[in-house]
Amino acid sequence: MSWPGRLFDMRDALVRMVLLDLAGVCYLFFVPHSNSTPTTAQWILALLAFAVALVAHRLPVLNLVAQAALLAVAISLVDDFTINQVGASWALLEVTMRARHARPIWLAAVLLAVVDLTDSIGDPPRRFASGVVGLAVEVGVPVLLGLVIRTNRELGRQAVERALAEQRQHESESRAARADERSAIARELHDVVAHHVASMVLRVGVARHVLTDLDPRVGEVFDDVHGTGTSALAELRRLVAVLRDPDGVRGDAALTAIEPSALPAAIGASMDRARQAGVIVEADLDPAIGSLDAVRGMAVLRLTQEALTNVAKHAGASAIAHLVVAVRDGSVHWEVTDNGRGGGPAGVPAGGGHGITGMRERVEVLGGRLEAGRTGTGWRVRTVLPPVTAASTDAPVGSVPRERKAPAGSPAPEPA
């Protein structure tokens, strides 16, 4: 709000009265008068007007009545009653600006008009008519200006209310759109992905019971596929439930969460899967990860799963992967490195992966940093997840897409 508009704000009545009093003092000292100097009565009436304006700056009706009374006295005692006349007119302006109804405004205007007309009582008709015309300045202008200020203030208030209403409507529409998107995703996950995963788990289970003379190693593979599929199906169902009812999710930080006490065991299971694929996994886990919040705990688990899957896919069997998860000053330091010297695993398709992209998005949502790139002959992925209270203050840092040298004649693989 500009200073002229702020000058007529209801909270700044005292400022207006101080400026008005200073203007009155300047008038008494510096403006030429009919007499050489203001009379004592003129000074007394002016000082009383100044004092009343300051004391009653929050009581516009009382101020108007007092100023009108001083004006009536000034009209009968002094020749130059400009100070009291301006004080009464300004008091009428204050009443007009601050009155909640029209009735006090018109009663105040009539009171001031009657007081002003006492100066014209007994004058010739032409001079009396001139006094009536003078009411347009002494009474009409304050009322008109006050009404304009009231109207502008009301229009401003209505504009703010409309803007807030539009903002609420926009937020409501955005929430409805996000809810529709979540519902659509939940339907697709339930009707397509979960259906196929359930079918795969069922067929693997049937195969385990029908094929009784399998090699024990093949049986272990079937058991692992069946267990992994069952876990994936359970997580898909939980994800569908979260998408349909996101109230339990903390913001958009994660769609699922894990109990803190279960995190070490879940990371251990991920390492066991990587070892079954032939990767040698070395881990340095801070015991404090068992006390992480559920959102960051899930992020650490997903990052670990994705990174170890990438090691098995790109570095191959017999590669050595080193996992580090540490908690320092409330921040989670996570890192996976490999030596990149394993043999290429059979049956692993190349290209078309989005693993690094998904990892980066998960980390950035939590306000962390993701770095991915070569280190010696291998590959390193690391991140720092800040404490929850500071998660929104760190800027995300982009990562370097992972590339590996593929055997001659084959396309270069990309992250899963």
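This section describes the nonpolar cores, two helix pairs and one loop residue of a predicted model.

The largest nonpolar core comprises 36 residues, and those with the most contacts inside it are Ile267, Val300, Trp334, Met359 and Val381. Two or more residues are given to this core by each of several elements, namely the helices H9 (263-276), H10 (294-315) and H11 (355-365) together with the strands S2 (320-328), S3 (331-338), S4 (369-375) and S5 (378-385). Of these elements, H10 gives the most, with 11 residues. When neighbours within four places in sequence are left aside, Val300 is in contact with Ile267, Leu292, Val325, Val332, Trp334 and Leu385. Apart from this core lies another, of 24 residues, which includes Phe81, Ala99, Ala108 and Val143.

The packing of H10 against H11 was examined next. The axes of these two helices come within 10 Å and cross at roughly 165 degrees; because angles over 145 degrees count as roughly antiparallel, H10 and H11 are assigned to that class. The crossing in which H10 passes H11 is left-handed. On the H10 side, the residues that meet H11 are Met298, Ala299, Arg302, Leu303, Glu306, Ala307 and Asn310, and their counterparts in H11 are Gly355, Ile356, Met359, Arg362 and Val363. Classified by residue type, the contact between H10 and H11 contains 7 nonpolar, 2 polar and 3 charged residues. Met359, one of the H11 residues in this contact, is also among the residues with the most contacts inside the largest core.

A second helix pair is formed by H5 (residues 82-98) and H6 (residues 102-117), which pack at an angle of about 170 degrees with their axes 9 Å apart, and which are therefore likewise roughly antiparallel to each other. Helix H5 contributes Gln85, Ala88, Ser89, Leu92, Val95 and Thr96 to the contact, whereas H6 contributes Pro104, Ile105, Ala108, Ala109, Leu112 and Asp116. These residues divide into 8 nonpolar, 3 polar and 1 charged. Ala108, which takes part in the contact from the H6 side, is also a member of the core of 24 residues.

Finally, a feature of the backbone was noted in the loop between S2 and S3, where Asp329 lies. Most residues other than glycine have a negative phi. The phi of Asp329, by contrast, is positive, with a value near 55 degrees. Asp329 is exposed, its relative accessible area being 80%, while the flanking strands S2 and S3 each give two or more residues to the largest core.

Key. Residues are numbered from 1 along each chain as its sequence is written. This is a predicted model: local features need pLDDT of at least 70, side-chain atom pairs count only at pLDDT 80 or more; totals for chains, interfaces and linings use all residues. Side-chain values use heavy atoms; hydrogens and water are left out. A nonpolar core is a set of buried Ala, Val, Leu, Ile, Met, Phe, Trp, Tyr and Cys residues joined through side-chain atoms within 4.5 Å. Buried means under 20% relative accessible area, exposed over 50%, partly exposed in between (1.4 Å probe, protein chains only). Helices (H or I, at least four residues) and strands (E, at least two) are DSSP runs, numbered from the N terminus. Contact means heavy atoms within 4.5 Å. Axes are lines fitted to C-alpha atoms, for helices over the stretch in contact, and angles run from 0 to 180 degrees between N-to-C directions. Angles under 35 degrees count as roughly parallel, over 145 as roughly antiparallel, 65 to 115 as roughly perpendicular and the rest as oblique. A crossing is left-handed if the near helix is turned anticlockwise from the far one by less than a right angle, and right-handed if clockwise. Ala, Val, Leu, Ile, Met, Phe, Trp, Tyr, Cys and Pro count as nonpolar, Asp, Glu, Lys and Arg as charged, and the others, Gly among them, as polar.
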